[in-house]
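User: I'd like to learn how to read a few features of a protein model. Could you walk me through them?

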Amino acid sequence: MLMISTSVLIHFPQTVSVIEHLKDLGLKYTTTKDEYDVYVDDVPYEIVDGSYQDPDVQLCEFYGINYDLVNCIESA
């Protein structure tokens, strides 16, 4: 899979609720030994109404991902 340089790798635990969530969102994932991994394009960080928001939370909101299900987010 060819990803642009601003891709992000999101790691999720292997649970039934995670796999259902990813399928509901239509996100493609790969399976590793103990995680589901999803690659998405990064989104520009924006300050909304003068308030700081965690960039990882903002990324998840953009894609509709439940941040509480995420293990880790890293640049790909």
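Analyst: We'll go through the sheet, one strand residue, the cysteines and a surface patch. This is a predicted model, where local features need pLDDT of at least 70, side-chain atom pairs count only at pLDDT 80 or more, and totals for chains, interfaces and linings use all residues. Residues are numbered from 1 along each chain as its sequence is written, and side-chain values use heavy atoms, with hydrogens and water left out.

User: Which order do the strands of the sheet take?

Analyst: Strands of a sheet pair through backbone hydrogen bonds, either parallel or antiparallel. Here four strands form an open sheet in the order β2-β3-β1-β4, paired antiparallel. Because β2 (30–31) and β4 (72–75) each have a single partner strand, they stand at the edges, with one side of each left without a neighbour in the sheet. Strands are DSSP E runs of at least two residues, helices are H or I runs of at least four, and both are numbered from the N terminus. Two strands pair if DSSP finds at least two bridges between them.

User: How many bridges join β1 to β4?

Analyst: Four, and the two strands run antiparallel; Leu9 sits opposite Glu74 in β4. β1 and β3 pair over seven bridges, with Phe12 facing Tyr36 of β3. For β2 and β3 there are two bridges, and Tyr36 in β3 is the bridge partner of Thr31. A three-residue hairpin joins β2 to β3.

User: Is Ser7 buried or exposed?

Analyst: Ser7, in strand β1 (residues 7–13), is buried, because its relative accessible area is 3%. Buried means under 20%, exposed over 50%, and partly exposed in between (1.4 Å probe, protein chains only). Leaving aside neighbours within four places in sequence, Ser7 is in contact (heavy atoms within 4.5 Å) with Val40, Asp41, Asp42, Ser75 and Ala76. As for β3, five of its seven residues are buried.

User: How many disulfides are there?

Analyst: A disulfide is a covalent bond between the sulfur atoms of two cysteines. With the rule of a pair of cysteine sulfur atoms within 2.5 Å, the count is zero. The closest cysteine sulfur to that of Cys60 is in Cys72, 11 Å away, so it is too far for a bond. Cys60 is buried at 0% relative accessibility, whereas Cys72 is partly exposed at 36%.

User: Where is Tyr52?

Analyst: Tyr52 lies in the loop between β3 (35–41) and α2 (55–63), and is exposed, with a relative accessible area of 66%.
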